[in-house]
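This report covers the open and enclosed spaces of one structure and the surroundings of its ligand.

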Amino acid sequence: MENLDLPPKIVTSAKRAGLKTLASVLCLSKPDLERATNLNSHEVSILVQAVSEAAYQTPIITVLDIKHGKCHTSMIVQKLSLGCPRLDAFLHGGILSQGITEIAGESASGKTQICIQLCLTVQCPKALGGLDGGAVYICTEDAFPSKRLHQMIQMFNEKIGSEMASKLKLGDHIYVEHISEMDQLWHCITQRIPILLTRGLVKLVVIDSLAAIFRCEYDSHEIAQRAKHIQSVGAKLNWLSSQYDVPVVCVNQVTANMKRSSNPFEPSVVPALGLTWATFVKVRLMISRTNYRLNVDSQGSEECRPGLNPTESVVRSMEVVFSPHLPKDKCYFIVEQSGVIGLA
Ligand SMILES: Nc1ncnc2c1ncn2[C@@H]1O[C@H](COP(=O)(O)OP(=O)(O)OP(=O)(O)O)[C@@H](O)[C@H]1O
Ligand SMILES: [Mg+2]
């Protein structure tokens, strides 16, 4: 307080009122400050202004500063690549490293495929769109698809080359947890995962899926408790993400959209867990299978056409439902042996 550039009368009154620290001033409302210091409202405004400026340590950065690399890297939100340039372009670089990204969709839409791919890309160096660390994969529905993981690792290794592949050892840095109850999930995100995050072993947390826990375990009379648990988990996951600067990806199931009966333009399904959960999600992506399949002719040109030919890949859509940095937009992708691939 002593170092503030304030008129002596204000400094003396603040001291007399016992306001010795910046926090003690900022914790009081202006009327309370007037009562405590006997200063008038104009003098209190000068005091609050000076204290606020002194307390605000974080320098303001502009977009131009970021572009020119003039700010500290910790101020830039990193992105985690999806491992496909087209999908990365659609997401303006990839999954945000701060906050919860939700991937919602019907069964077999490709949610798990995207998550497995993220577990591989996260291990790549930052220059290649990764975050230089492993992943925790929490399974709540089926057993972890290890066979599929190994198939994707094989193909991914071919893409990055044998030298990088032997350096990264992709299969060794994915920590899988099978969880079926809220208590286990809570223990995992409050006790076990922070240990891995603190040691820097993990740079991505995946929960596949949250809905499975909250949809099965609770009876109808436990709605309030369920909402409380969803809030606790959402807040804890957001805290983990911001504390350790890692992306948290949550898979969500979908539920029938009741509004559709009155408005046929409404989507037929919406992500499960309602508004209680949605408030904790930063980016919501909805994926679904379309009725189209990708046909590649003998010259290699691609065409999406309606049909059920099992030798052609199902065209799937990825839609941004809400996001602080992305427009509401849609792109298309397929799932191949090598993983998830965006379409032009
Ligand atoms: N090796 C593969 N080659 C081509 N496509 C594959 C391969 N493995 C899986 N798929 C495709 O991925 C789909 C399954 O995707 P995924 O397991 O991600 O679904 P999901 O959205 O997680 O479903 P659920 O909610 O039931 O878990 C399959 O229907 C199949 O079309
Ligand atoms: Mg799945």
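## Pockets, ligand shell and cavity

The second largest pocket holds about 360 Å³ of space. Its lining numbers 21 residues, and those closest to its centre are Lys111, Thr112, Glu141, Asp142 and Asp208. A pocket here is an open set of points on a 1 Å grid over the protein atoms alone, with protein on both sides within 12 Å along at least five of seven lines; a cavity is a set of points where a 1.4 Å probe fits but cannot get out, and lining residues have an atom within 4 Å of a point. Points are joined across faces, edges and corners, and a volume is the space filled by probe spheres set on the points.

This is a predicted model, in which local features need pLDDT of at least 70 and side-chain atom pairs count only at pLDDT 80 or more, while totals for chains, interfaces and linings use all residues. Residues are numbered from 1 along each chain as its sequence is written, chains are lettered from A and ligands numbered from 1 in the order in which they are written, and side-chain values use heavy atoms, with hydrogens and water left out.

α7 and β4 (134–139) each give at least two residues to the lining of the second largest pocket. The largest share, three residues, is that of α7. Helices (H or I, at least four residues) and strands (E, at least two) are DSSP runs, numbered from the N terminus.

Ligand 1 takes up the space of the second largest pocket; a molecule sits in a pocket or cavity if more than half of its atoms lie within 2 Å of its grid points. The elements that give two or more residues to the shell around ligand 1 are α7 (111–121), α8 (146–160) and β13 (330–336). In this shell, too, the largest share is three residues from α7. The shell has 15 residues, and Ser107, Ala108, Lys111, Thr112 and Arg316 are the closest; a residue counts as near if one of its heavy atoms lies within 4 Å of the molecule.

Polar contacts (pairs of N or O atoms within 3.5 Å; within protein, one must be able to donate a hydrogen and the other to accept it, and residues adjacent in sequence count only if both atoms are side-chain atoms) come next. An N or O atom in the side chain of threonine 112 is 2.7 Å from an oxygen atom of ligand 1. A polar backbone atom of glycine 110 is 3.1 Å from an oxygen atom of the ligand. For glutamine 151, a polar side-chain atom lies 3.0 Å from a nitrogen atom of ligand 1.

The largest pocket contains about 730 Å³ of space. It is lined by 30 residues, with Pro267, Val269, Val270, Pro271 and Met286 nearest its centre. β10 supplies the largest share of this lining, six residues.

The one cavity of 30 Å³ or more has a volume of about 40 Å³. Among its lining residues are Leu91, Thr101, Val283 and His325.

The table gives the make-up by class (nonpolar: Ala, Val, Leu, Ile, Met, Phe, Trp, Tyr, Cys and Pro; charged: Asp, Glu, Lys and Arg; polar: the others, Gly among them).

| Site | Nonpolar | Polar | Charged |
|---|---|---|---|
| Lining of the largest pocket | 13 residues | eight residues | nine residues |
| Lining of the second largest pocket | eight residues | seven residues | six residues |
| Shell around ligand 1 | two residues | seven residues | six residues |
| Lining of the largest cavity | six residues | three residues | no residues |
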